[in-house]
Amino acid sequence: MPAVVSKFLERADQARDYLNIPRHYIAGAIVGACITAYSVKIAYPIIDGIINKNNPQEVSVNNNNLVKNAEIIHRSQLKKFRKTVPALNLQFLFQFIKLMKIMIPGFFSKEIFQLLGHTAFLFLRTYLSIYVASLEGSIVKYIVRKDTKMFVRQLSKWFFIAVPATFVNSMIRYLESRIALSFRSRLVEHSYGLYFRNQSYYRVAVLDGRLENCSQRLTDDIETVSSSVAHLYGHITKPMFDILLMAIALIKLRRSRDHTTLFAGPLVICSVIGVSALILKLVSPKFGQLVAQEAEKKGHLRYVHTRLITNSEEIAFYGGHKVELSHLRNAYRYLVQHMEHIFGVKLWFVMLEQFLMKYVWSGAGLIAVSLPILLARSTVYEPRISVDDRIGDPVSERTQYFTTAKNLLLTGGDAVERLMSSYKEIVELAGHTARVANLFSVLEEVGRGEYHKTVVQKKDKSEGFQIEFRGDQPVPRGKLIYSNNYEIVLKHVPIVTPNCDVVCSSLDLEIHPGQHLLITGPNGCGKSSLFRILSGLWPVYGGELRTPKNSLFYIPQRPYMVIGNLRDQIIYPDTYADMINKQVTEDDLNKIMRMVHLEHIVQRDGYHSVKDWQDILSGGEKQRMAIARLFYHKPKYALLDECTSAISIDVENDMYQAAIDMGITLMTITHRPTLWKFHTHILQFDGTGSWEFSVLNATSRLSLKSEKEQLLKQPETDARNERLEELNRLLGEDSDKMD
Ligand SMILES: Nc1ncnc2c1ncn2[C@@H]1O[C@H](COP(=O)(O)OP(=O)(O)OP(=O)(O)O)[C@@H](O)[C@H]1O
């Protein structure tokens, strides 16, 4: 390769001679081209930014709306990042200390001992490096002196030292990995504690808008922070030892030669390193911000993939692959664009870094090493030689000195280079640290019930409930009291969504065990939201709510199937140990499965085989399984949110009767008139924020329903329409719809 290049250069030079172009013209052109390329590189993003700011509609690659939407999300994410730029500053220091306190909880923690061990091995490694450097110097000396015996002796020492040296190297890597794993375990443990406290995993996603991809921070970012910290510890400690011990060794070595130039070499090296460090710091790109943005984009890509996997069946039925593919492609494209940007930024920085560290420093090192030889007072220098080396000649002495000094300098130079490149790693660490520290502080706040979400304050002049705001955040002013007497009481409680929409201004309700409540009303009127407020998932913004603790059991229309065997599905959220403690046997489970007509699943799959029950069970089977769960737990109240919509009416009736017989009080959202007879009270929302709570007379309500059915079959007249409207009002149903 070098031969080809030199041939090419030779030909080019001949051509230049032929064309009679002076050499300095060519050099000027090359320098000019480099400067132009660099200016374009710097100016392009700025010009692009100005153009895109003025023409936001031209941003998308094609006119596809999806691409535009994704672009808008992408830009809003970028804006968010610009607000808090992670860098090597005081904020990073505080965040880092916070994480360190979690990673190293005390003086006598396992991590301290691992770090001490790691430090000892790093020190040993440096010591061995110095020993090997001087050994190599003596080997070269005996080669020059043609002393075979001494050469073989030194070479045997060299091989002998290789065994502990390689063990030390391997041990350093082993300890670094162990420390990274220990740090990671501490962070993971801490984050899981926060994530699962006060249902934060739900609240952070629904009620708070600050963390878009919790999973990315909980997995990748924590892993990166712990491995970077462990790596950086070695990456900074080892070079420091190296520099210290190498400097001592070099000074000793130089003292043995000449005092006059003792400080000249180190002065040259220190000045060169100082100046180049300053230059690198000045021109260094914002790596912290860049890696944080990269993590965000990776998280978004992971999120799009997860959505696809979770909803694969629906997407396949719809044939929605085109839309999903474009979402995936966009998410990936943003990641690629960003990575290309990072690579581009790194290209110039690494070039400068390499130029300074590889060439400028090596040059300075060579000057420092050669100074004692070049500036020696006499041309035939008589070294201070040891007793063993009295027979030595000046040339072999100089060779030994030069080889040892060169090795020491190389190791020292390498150490300074590693220290300098650590700066880049620290700034990158700042990006991940900011994300993890932010995750922890958001989870802590969410756990305390403090949420931050971008909500639009509605200036509503009407009479209804007004949400109180502090700054731009709503303040829940309601009282939530956990009572011991199993009653549910709501006094002037509004139903407010996480987006601060008031669905119902004030709700008053009193339910005692044995009073089975039917909840009806049009879509979106706040039926399920009432359950969320009763269960304590959504804040109480006003009034007072009294509810028994741990006595409500919610069953949705699409029940969740847990990872595990069939038994785990029935007893969820209990564990097998809880089941044993409750003295429930498999016979009891068999009885429950018979009650929900699922005994065939027990015969087919047994209780112990682990399967993907979410996919295996049909919609109706999953709903029956959820009812089996209800029968296993026998709570005081069951919040049933259209949870039997896929079950046949006769089986559904059996289940409701069985639940009542078990002493479970039902609170049911349903559109099926066949379930009315199981309820004693009714809460009827009208969809405009009003409601009616009364005793339910199922027989009279059913006769109203059949009258409505008859009227709907008749031709339209004023009298018919008037009566229909009246019936709809009484039944709490939409005007032209039969439930
Ligand atoms: N997580 C959420 N964030 C913001 N708004 C929400 C959220 N969940 C529900 N809403 C809104 O709250 C309102 C009431 O929703 P809710 O689920 O209580 O309706 P519903 O009466 O149960 O309707 P349906 O009969 O269709 O299930 C709706 O306008 C809905 O869009």
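Okay, one definition before anything else: two residues are in contact if their C-beta atoms, placed from the backbone, lie within 7 Å. With that in hand, look at the protein as a whole. Among contacts between residues at least 6 apart in sequence, 78% join residues at least 24 apart. And please keep in mind that this is a predicted model.

A few overall numbers, then. The protein has 739 residues, and 27% of them count as buried. Its secondary structure comes to 23 helices and twelve strands.

Let's start with the spans that come from the UniProt record. The entry is unreviewed, and it puts the label "transmembrane region" on residues 25–44, 87–108, 120–143 and 263–283. How much helix is there in residues 120–143? That span is 100% helix and 0% strand, and its end C-alpha atoms lie 35 Å apart. For residues 87–108 the figures are 64% helix and 0% strand, with 32 Å between the end C-alpha atoms.

The same kind of record gives us "domain: ABC transporter", again from an unreviewed entry, for residues 488–712. In the model that stretch is 37% helix and 23% strand. Its end C-alpha atoms are 38 Å apart.

Now the ligand. The residues around the ligand are Val206, Thr497, Pro498, Asn499, Val503, Asn523, Gly524, Cys525, Gly526, Lys527, Ser528 and Ser529. By class, that shell has four nonpolar, seven polar and one charged residues. Which helix gives the most to the shell? That's helix 14, residues 527–534, with three residues.

On to the packing. The largest nonpolar core has 59 residues, and the ones that touch the most other members are Ile533, Ala628, Ala638, Leu639 and Met667. Helix 20, residues 619–633, gives the most to this core, with six residues. There's also a second, separate core of 35 residues, and Leu122, Leu175, Ala230 and Leu439 are among its members. Back to Ala628 for a second: leaving out residues up to four places away in sequence, Ala628 touches Ile570, Ile592, Met593, Val596 and Leu598.

Next, a hairpin. Strand 11, residues 681–685, and strand 12, residues 691–695, run antiparallel and are joined by five bridges. If you want one pair to find on screen, take Ile682, whose bridge partner in strand 12 is Ser694. Five residues sit between the two strands, and in this hairpin Gly687 takes a positive phi near 90°.

That brings me to backbone oddities. Most residues other than glycine have a negative phi, and most peptide bonds are trans. So here are the exceptions I'd like you to look at.

Lys146 isn't a glycine, yet its phi is positive, about 60°. You'll find Lys146 in the loop between helix 5 (110–145) and helix 6 (148–195). Is Lys146 buried or exposed? Exposed, because 8 other C-beta atoms lie within 10 Å, and the cut-off for exposed is 12 or fewer.

Lys634 is another non-glycine with a positive phi, this one about 45°. Lys634 lies in the loop between helix 20 and strand 9 (637–641). Lys634 has 12 other C-beta atoms within 10 Å, so it counts as exposed.

Then there's a cis peptide bond, which joins Tyr572 and Pro573, with omega about 5°. Pro573 is in the loop between helix 15 (566–571) and helix 16 (576–581).

Two last residues. Tyr486 is in the loop between strand 3 (479–483) and strand 4 (488–496). Tyr486 counts as partly exposed because it has 15 C-beta neighbours inside 10 Å. What does Tyr486 touch, not counting residues up to four places away in sequence? The answer is Pro513, Pro548, Ser551 and Lys636. As for Leu518, it's 32 residues from Tyr486 in sequence and 18 Å away in space, C-alpha to C-alpha.

Asn330 is the other one, in helix 12, residues 321–374. Why does Asn330 count as buried? Because it has 23 C-beta neighbours inside 10 Å, and 20 or more is what it takes to be buried. Asn330 and Val304 are 26 residues apart in sequence, and their C-alpha atoms are 10.0 Å apart.

That's my tour; over to you.

Note on methods: Residues numbered from 1 in each chain as written. Predicted model: local features only at pLDDT ≥ 70, side-chain atom pairs only at ≥ 80, totals over all residues. Near = placed C-beta within 6 Å. Helix = DSSP H or I, 4+ residues; strand = E, 2+ residues; numbered from the N terminus. Nonpolar A, V, L, I, M, F, W, Y, C, P; charged D, E, K, R; others polar. Pairing = 2+ DSSP bridges. Core = buried A, V, L, I, M, F, W, Y, C linked by C-beta atoms within 7 Å. UniProt positions renumbered as here; feature names shortened; annotations may be inferred.
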